[in-house]
Amino acid sequence: MSKFTLLVVEDDTSVRNLITTTLKANDYRFITASTGEQAVMETASHNPDIVLLDLGLPDIDGIEVIRRIRGWSNVPIIVISARSEDSDKIDALDAGADDYLTKPFSVDELLARLRVTQRRLALMLSSNPQQAIFVNGKLRIDFASGCAYLGDEELHLTPIEYKLLCLLARNIGKVLTHKFITQSIWGSSWENDVVSLRVFMATLRKKLESAPGSPQYIQTHIGIGYRMLRIE
Ligand code: CA
């Protein structure tokens, strides 16, 4: 764990200290930045493994920081924002953030998000994105044959359910917004498609989850989107 270097971008000294104290206590290495310009510069010069990014910065907006970093880097970005409005989280995710935390957050919550992101990173490094078989817990997708299995049972999915499952699987650990999903599946992002998405997600879950009421594989982010979780 200690090999990971985080970039902590936060202009509020007390919040920054809370984060860095937590990181220190848990053996993470880190560097800090307190402005957006500094965040872009530090990302370019130090190549951190994960960026923790406050959205409300004194110079440029956090969303703009994400856009600039995404111009050349796929480093995981976890947004930490006091803005509780869903639209800000959606803008950040659509700009290329991987996950978000809303202030005030607990130290345990922060550490949990870091673990999720580290698992995603480890997976990204160990697997070839073109690889033909995807495995997560009991779920197995054979991209070449277009079949999905749960344990030994083949899942009988409709073409849309299968596309949805593949999209979530290929982005495992990342929160995908409604807009991103509907654009990927239908090539549009109308409100109607968000309603359809909910319906398809419900039928997919019925086939995939042993208890659709407390899903194991696909997590709902109310008003925002969905994420496939890594099963240990
Ligand atoms: Ca701030």
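Which side chain of opposite charge is nearest to R16, a residue that is buried yet has no salt bridge? Before I answer, please note that this is a predicted model, in which local features need pLDDT of at least 70 and side-chain atom pairs count only at pLDDT 80 or more, while totals for chains, interfaces and linings use all residues. Residues are numbered from 1 along each chain as its sequence is written, and side-chain values use heavy atoms, with hydrogens and water left out.

The answer is E10, which is 6.8 Å away from R16. A salt bridge here is a side-chain nitrogen of Lys or Arg within 4 Å of a carboxyl oxygen of Asp or Glu; Lys and Arg count as positive, Asp and Glu as negative, and His and the chain ends are not counted. Buried means under 20% relative accessible area, exposed means over 50%, and partly exposed is in between, with a 1.4 Å probe and protein chains only.

R16 sits in helix 1, residues 13–25, where helices (H or I, at least four residues) and strands (E, at least two) are DSSP runs numbered from the N terminus. A polar atom of the R16 side chain lies 2.9 Å from the backbone oxygen of E10. Leaving aside neighbours within four places in sequence, R16 is in contact (heavy atoms within 4.5 Å) with several residues, including V8, E10 and D11.

D11 brings us to the calcium ion, whose protein donors are D11 (OD), D54 (OD) and G56 (O), at 2.2 to 2.4 Å. Donors are N, O and S atoms within 2.8 Å of the metal, or 3.2 Å for Na, K and Ca, and because water is not among the atoms, sites may look incomplete. Of these donor residues, D54 is buried, with a relative accessible area of 5%, whereas G56 is partly exposed at 36%.

V8 leads us to strand 1, residues 5–9, in which 5 of the 5 residues are buried: T5, L7 and V9 point one way, and L6 and V8 the other. Strand 1 pairs with strand 2, residues 29–33, in the parallel sense over 5 bridges, pairing being counted if DSSP finds at least two bridges between two strands.

Finally, let us turn to the loops. D27, in the loop between helix 1 and strand 2, has a positive phi of about 70 degrees although it is not a glycine, and D27 is exposed, with a relative accessible area of 51%. The peptide bond from K103 to P104 is cis, with omega near -5 degrees, and P104 is found in the loop between strand 5 (99–102) and helix 5 (107–126).

Notes. Polar contact = N/O pair within 3.5 Å; in protein donor to acceptor, adjacent residues only side chain to side chain.
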